[in-house]
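Biologist: Could you take one part of this model and go through it closely, saying how each term is defined as you reach it?

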Amino acid sequence: MLKINNLHVKLEEEDKQILNGLSLEVPAGQVHAIMGPNGSGKSTLSYVLSGRDGYEVTEGGATLDGRDLLAMEPEERAAAGLFLAFQYPVEIPGVGNMTFLRTAVNAQRKARGEEELSSGEFLKLVRAKAKDLQIDADMLKRPVNVGFSGGEKKRNEILQMAMLEPRMCIMDETDSGLDVDAMRLVADGVNALRSADRSFLVITHYQRLLNHIQPDVVHILSNGRIIKTGGPELALQVEEEGYGDILSEAG
Amino acid sequence: MSQVAVQTKDATPQQSVGAPKPADALQARLDALTLPKGGFTAAARADALVRLRGMGLPGPRDEYWRYTDPRPFNAAQPQPIPIAAKSPDSPLFTDLDRLVLIFVDGVFDAAASDDLSLAGLEIGTLAQADMQPDHWARGLYGTLETAGQKPVSRPFAALNTAAARDGVLIRVTGKPAKPVHILHRRASESADVIWHHVIRVEEGAELTLLETGMVGARSNGVLEVDLAKGAKLHHITAKRAGHQKLGISHLFARVEAEAQLKSFALSVNGTLMRHEGVIEIVGDDAVAHIAAAVLGDGDKGPFHHDDTVFITHAAENCESRQVFKKVLKNGAEGVFQGKILVKQGAQKTDGYQISQALLLDERSQFLAKPELEIYADDVKCSHGSTTGALDETALFYLRSRGVPKDRAIVFLVLSFLADALEEIEDEVLRGQINDRLEAWLTRRANSQ
Ligand SMILES: Nc1ncnc2c1ncn2[C@@H]1O[C@H](COP(=O)(O)OP(=O)(O)OP(=O)(O)O)[C@@H](O)[C@H]1O
Ligand SMILES: [Mg+2]
């Protein structure tokens, strides 16, 4: 589904290289986790894949279902099935959560040549999904993420994901800032979405989330490259020993 | 070139040098108008003319006109502007129950308007009433305008009092069941419209006043508002303007104890627009809010929009808010001059002023001159002004959810304007203004 090949990325404005030949492949139906020290380039990878400005790809590339991701506008990537749950979800005062979400859902449907949802259909759907994530109706009425607690923002990201039904979900530290119960809710939300033609790339610092969302593969990212790939046991190793040995092993 | 005169805070405008002589220019300006003699307004009109001759027309060196070129307002006649066959916007407020007064080129059209009777208010028109020597508005017409000439003179307001042809006179004595809606229409391509409204809201009474439509090739409007104790006025103006339109308007308000004034203006298009608000809070525990949302796109010709506000606190425990938001693109220019004056003894004043511009490109600009002048020691006053571009992070966030770029920008512009729209208390009215804004933004999303 998602193929990243020898990706080199630098900042557009500065002479700073962040990704240094990153390669990675997530087949359909799988969950991959990325762990790695602060500043290793995890968020940068997620931004470059979803099309944020400010980065320059100097070498390599990335495809989603064989389509060149990097050639598309962010909204085209979304319509193609890519979704990023932000590490820091953005507040947008004055724009209602519902209006925003409905516009997004229908814009994607339109881009894919599907019928748009009526406001009745949309409401029914969003209410049901919000209930599963224990997001109350009042929160839906408020402006996007404004006045939401850290955990509420993260749950709102998962609500968006559930509504948009992307094929490739990237989650950037969705677990940070969540209490134990919220983590469970989010994991249940993600597990409910797991299917044979949907994949996940879960960026996290902690093994705990991976107890709830069982990964097929765990990658360790350091200094802009994948330095080690393994099974779920790799996450346990990081949890217990930190990155020290893995980093020195990789040289 | 001669040296530029030293700028002073002097009340008298400095005369500009160069031809034609200011007095000649003023005479030419007056000659182009038909000055009504007036019935009950006769004395006020005569006085206004004398005052106007004393002030003269503003020149480029006037401190008060430093950011806005007064010459198109000084010109004897406006350039004609073709009358658009049909507006792309559906008319505002038409689905609400309201009392509609229609003005065509600034002149009341009784046949097209609703019947002027509504429980809780007394309503008339200036031209009609002015055939009488006496009227309840006699002590008010031109009075607030005159008071508002200090400390800064506003020649076009004096010109208005002298020359206004028509307008509405409303005395509110109760709580009328529906709003009064003044709807302007154009008929002549070169109409130079001067309208003058007087609104008196009696003790404890309330009114919602709506103003929409298109006014003239050039317009000069004055709205005098006198709020008695505990009176309330909600004023929403959303006039439409063609791209070449010239407009100047003044709101003069006197707010007595416990009264509330809430005025909101939506302004789109126009080549040169200046709106002045002069509000004097004279009784304790009163509230005055004045807000505007301005959208300017320079792609069809120059766009310059100036909001100039002067709020005086002369009583205790009063609250004032100024919320001005301008969205500018394609070389559009925005100006905000706003002042809060807290007089001695006006303790516990809560004064707030914010002016912000969202520049959609680097060619557009915003000039702001916020001022505070405080002579009381126990007050809370703040002012702020910002100029910024679209928030790239928010734009990316929206687009990453599949919202197309154009649509995402519309969302962010509406987000930027939200604080100003919040000043409209009524949800239905606010919703309609929001829809109008959204339609304009969507239509112009692709201009560059
Ligand atoms: N716009 C930017 N300007 C300057 N430096 C940047 C920018 N974006 C990323 N960087 C730098 O690139 C490196 C990678 O950052 P990134 O946010 O991708 O790390 P991360 O792995 O997500 O870290 P964390 O675990 O703390 O979230 C860091 O050194 C960061 O400071
Ligand atoms: Mg990060």
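Modeller: What follows is a close look at one annotated span and two of its helices. This is a predicted model, in which local features need pLDDT of at least 70 and side-chain atom pairs count only at pLDDT 80 or more, while totals for chains, interfaces and linings use all residues. Residues are numbered from 1 along each chain as its sequence is written, chains are lettered from A and ligands numbered from 1 in the order in which they are written, and side-chain values use heavy atoms, with hydrogens and water left out.

In chain A, residues 2–248 carry the UniProt annotation "domain: ABC transporter", taken from an unreviewed entry; such annotations may be inferred rather than shown by experiment. The C-alpha atoms at the two ends of this span are 29 Å apart, and 40% of the span is helix and 28% strand, where helices (H or I, at least four residues) and strands (E, at least two) are DSSP runs numbered from the N terminus.

Within the span, helix 6 of chain A runs over residues 150–164, and its 15 residues reach 21 Å from first C-alpha to last, close to the 21 Å expected at 1.5 Å a residue, the expected span being 1.5 Å times one less than the number of residues. Of those 15 residues, 13 are buried, so helix 6 of chain A is largely enclosed by the rest of the structure; buried means under 20% relative accessible area, exposed over 50%, and partly exposed in between, with a 1.4 Å probe and protein chains only. After helix 6 of chain A comes Glu165(A), with a positive phi near 45°. Most residues other than glycine have a negative phi.

Helix 7 of chain A, residues 180–193, has 14 residues and reaches 20 Å between its first and last C-alpha, close to the 20 Å expected at 1.5 Å a residue. At its N-terminal end Asp179(A) acts as the cap, with a side-chain oxygen 3.0 Å from the backbone nitrogen of Asp181(A). The buried residues of helix 7 of chain A are Ala182(A), Met183(A), Leu185(A), Val186(A), Ala187(A), Gly189(A), Val190(A) and Leu193(A). An α-helix has 3.6 residues a turn, so residues three or four places apart point the same way. The partners of this buried set in chain A are helix 4 (119–132), helix 6, strand 9 (168–172), strand 10 (199–203) and helix 8 (207–212), with contact meaning heavy atoms within 4.5 Å. Helix 6, itself with 13 of its 15 residues buried, is thus one of the elements against which helix 7 of chain A packs.

Methods
A polar contact is a pair of N or O atoms within 3.5 Å; within protein, one must be able to donate a hydrogen and the other to accept it, and residues adjacent in sequence count only if both atoms are side-chain atoms.
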